[in-house]
Every structure is written in C-alpha cells, then in structure tokens.
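Hi everyone, thanks for coming. Please have a look at the sequence and the structure on the screen, and then I'll walk you through them.

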Amino acid sequence: MEHIMKLNPSPFKKIQEGKKTIELRLYDEKRRLISAGDTICFVNTQDAGCTLYVTVEDIYRFGTFEELYANLPLSECGYTEENVAEASPSDMEAYYPKEKQAKYGVVGIKMSLGGNIE
C-alpha cells in the first residue's frame, strides 16, 4: 500500500541523505493504516514536484512523545550529534498539540530509502 505525506524541507533532506530513518507523527487515523512493507511518498512542502519514496520497515507506537523519546534512538529521528543533547519531546508540540497527542498517541515510522510504486 502507498501513503502520501507532506514533509518540510529540512527533514525531507535528512531522509534523502540517509541521516533520518525514523519519521515521527501522531498515530491518527491516517497513520493507523500504515504497515511494515508499505511505501510512503513524501512530498516536499516547498516544492510539490519534489518527492521521495521510502519503504516502511517497522512501526513503533507510544502514548506520548516523552515515551517515544525515551525509547528510540534520537539520532535516527532527525537530530544530529550537535543537537541531540538538547532534544526534547516538547519539540514536537510545534507540530502536534498535547491535546492531539493525548487523543491519538504517537508513532515512530522506521523506514529505508526506496519504495515500490503501486
């Protein structure tokens, strides 16, 4: 199954360069449809013609970003050696308010570059 997700330029580039292998999202209705083996087409939010295909390797579900940050390697979630020490679950509140986190839970989507277009 193929899924389409919008992605800001910075994380888009990190995935493209192989520096980010886990995408963090709410575990909402759309993300509940994703399974290992599926393909995600990321669309760059600043250039809709710029897309990137990945294959879903695994799904890590948590109740909160606090749990996720405590259990997943943040260096795979888009943080660098320079900023991983300052990484905080509250960083995700810029994208997902606490109310939505509480309602849906959160997910780390483990992925690898390349994907099948169905």
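**A walk along the chain**

Starting from the N terminus, the elements of the chain follow the order β-α-β-β-β-α-α-β. Counted up, that gives three helices and five strands. Before we go further, please keep in mind that this is a predicted model.

Let's begin with the overall shape. If you draw a box along the principal axes, the C-alpha atoms fill roughly 35 × 30 × 25 Å. Is that what we would expect for a chain like this one? A compact globule of 118 residues would have a radius of gyration near 13 Å, and this chain has 14 Å, so the two agree.

How much of the chain is buried? Of the 118 residues, 42% are buried. The accessible surface comes to about 6600 Å², and carbon and sulfur atoms account for 49% of that surface. As for contacts, take those between residues at least 6 apart in sequence: 74% of them join residues at least 24 apart. And for those who like charges, the chain has 14 positive and 19 negative ones, and their mean positions are 4 Å apart.

Now let's look inside. The largest nonpolar core has 16 residues, and the members that touch the most others are Leu24, Phe65, Leu68 and Tyr69. Strand E2, residues 22-26, supplies at least two residues of this core, and so does helix H2, residues 65-71. There is also a second, separate core of 15 residues, with Met5, Tyr27, Val107 and Ile109 among them.

I'd like to stay with Tyr69 for a moment. Tyr69 sits in helix H2. Is Tyr69 buried or exposed? Its relative accessibility is 9%, and because the cut-off for buried is under 20%, Tyr69 counts as buried. Which residues does Tyr69 touch, leaving aside those up to four places away in sequence? They are Leu24, Leu74, Tyr79, Ala87, Ser88, Pro89, Asp91 and Met92. Now try finding Gly37: Gly37 and Tyr69 are 32 residues apart in sequence, and their C-alpha atoms are 24 Å apart in space.

Next, please find Val43, which lies in strand E3, residues 39-44. Val43 has a relative accessibility of 16%, so Val43 counts as buried. Val43 and Phe12 are 31 residues apart in sequence, and from C-alpha to C-alpha the distance is 8.2 Å. Phe12 is also one of the residues that Val43 touches, not counting residues up to four places away in sequence; the others are Ile4, Met5, Lys6, Leu7, Ala48, Cys50 and Thr51.

Our third stop is Gln101, in helix H3, residues 98-104. With a relative accessibility of 5%, Gln101 counts as buried. Beyond its neighbours within four places in sequence, Gln101 is in contact with Leu26, Gly63, Phe65, Glu93, Tyr96 and Val106. You may recall Phe65 from the largest nonpolar core.

Finally, let's come out to the surface. Ala85 lies in the loop between H2 and H3. Its relative accessible area is 67%, and because over 50% counts as exposed, Ala85 is exposed. Ala85 and Leu74 are eleven residues apart along the chain, with 9.5 Å between their C-alpha atoms. Leu74, as you heard, is one of the residues that Tyr69 touches.

That's the tour. Thank you for listening!

Notes
Residues numbered from 1 in each chain as written. Predicted model: local features only at pLDDT ≥ 70, side-chain atom pairs only at ≥ 80, totals over all residues. Heavy atoms only, no water. Core = buried A, V, L, I, M, F, W, Y, C linked by side-chain atoms within 4.5 Å. Buried < 20%, exposed > 50% of the residue type's maximum accessible area, 1.4 Å probe, protein only. Helix = DSSP H or I, 4+ residues; strand = E, 2+ residues; numbered from the N terminus. Contact = heavy atoms within 4.5 Å. Rg over C-alpha atoms; globule rule 2.2 N^0.38 Å. Areas by Shrake-Rupley, 256 points an atom, 1.4 Å probe, with all protein chains shown as cover. Lys, Arg positive; Asp, Glu negative; His and termini not counted. Charge placed at Lys NZ, Arg CZ, Asp CG, Glu CD.
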